[in-house]
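Colleague: I am new to this model and would like a close look at a single part of it, the place where aromatic rings pair. Please begin with the charges and then work towards that place.

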Amino acid sequence: MSVINLESALKSFEEFWSPRIVGQVNDVHIKLAKLQGEFVWHSHKQEDELFYVIHGQLVMHFRDRQETLRPGEMIVIPRGVEHKPVCAEETHVLLVEPVATVNTGDAGGDRTVAPVWVDGAGPGTV
């Protein structure tokens, strides 16, 4: 058990759309990600996802609407709901999702990455 400073953790990597794990609670990962541009349309058949905006602005596209999130706001995407995150500027988010969650969900493709632990953090359940 140790304190993790989210601002310092975000400074430890530069890559966009490449989540870093900062903690684990039971079977759920807590991740940080830097986002910019458009991601791919996708859904997760088995997993819900929580997006919490730390910095910037996230526009979550759904097939029938969009939701704009600013710092201090969050959204939960229920399993099976198709969505596409879009960020015009660099945006930092905290993600809460089951360990088995693949970032591109059912879409797959070259944007799929395996999340890694952020520098200074390590596996372990709280």
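Colleague: How far apart are the mean positions of the positive and negative charges of the chain?

Modeller: The mean positions of the 11 positive and 18 negative charges lie 2 Å apart, with Lys (placed at NZ) and Arg (CZ) taken as positive, Asp (CG) and Glu (CD) as negative, and His and the chain ends not counted. This is a predicted model, in which local features need pLDDT of at least 70 and side-chain atom pairs pLDDT 80 or more, while totals for chains, interfaces and linings use all residues. Residues are numbered from 1 along each chain as its sequence is written, and side-chain values use heavy atoms, without hydrogens and water.

The chain holds one helix and eight strands (DSSP runs of H or I of at least four residues, and of E of at least two, numbered from the N terminus), and the helix precedes the strands. One aromatic pair is counted (ring centres of Phe, Tyr or the six-membered ring of Trp within 6.5 Å). In this pair, Trp 17 and Phe 39 have centres 4.7 Å apart and planes at 20°, which makes them stacked (under 30 degrees; over 60 is edge-to-face, the rest tilted). The partners are 22 residues apart, with Trp 17 in the loop between helix 1 (6–11) and strand 1 (20–25) and Phe 39 in the loop between strand 2 (28–38) and strand 3 (49–55). Trp 17 counts as buried because its relative accessibility is 9% (buried is under 20%, exposed over 50%, partly exposed in between, with a 1.4 Å probe and protein chains only), and Phe 39 is buried because its value is 7%. Buried residues make up 40% of the 126 in the chain.
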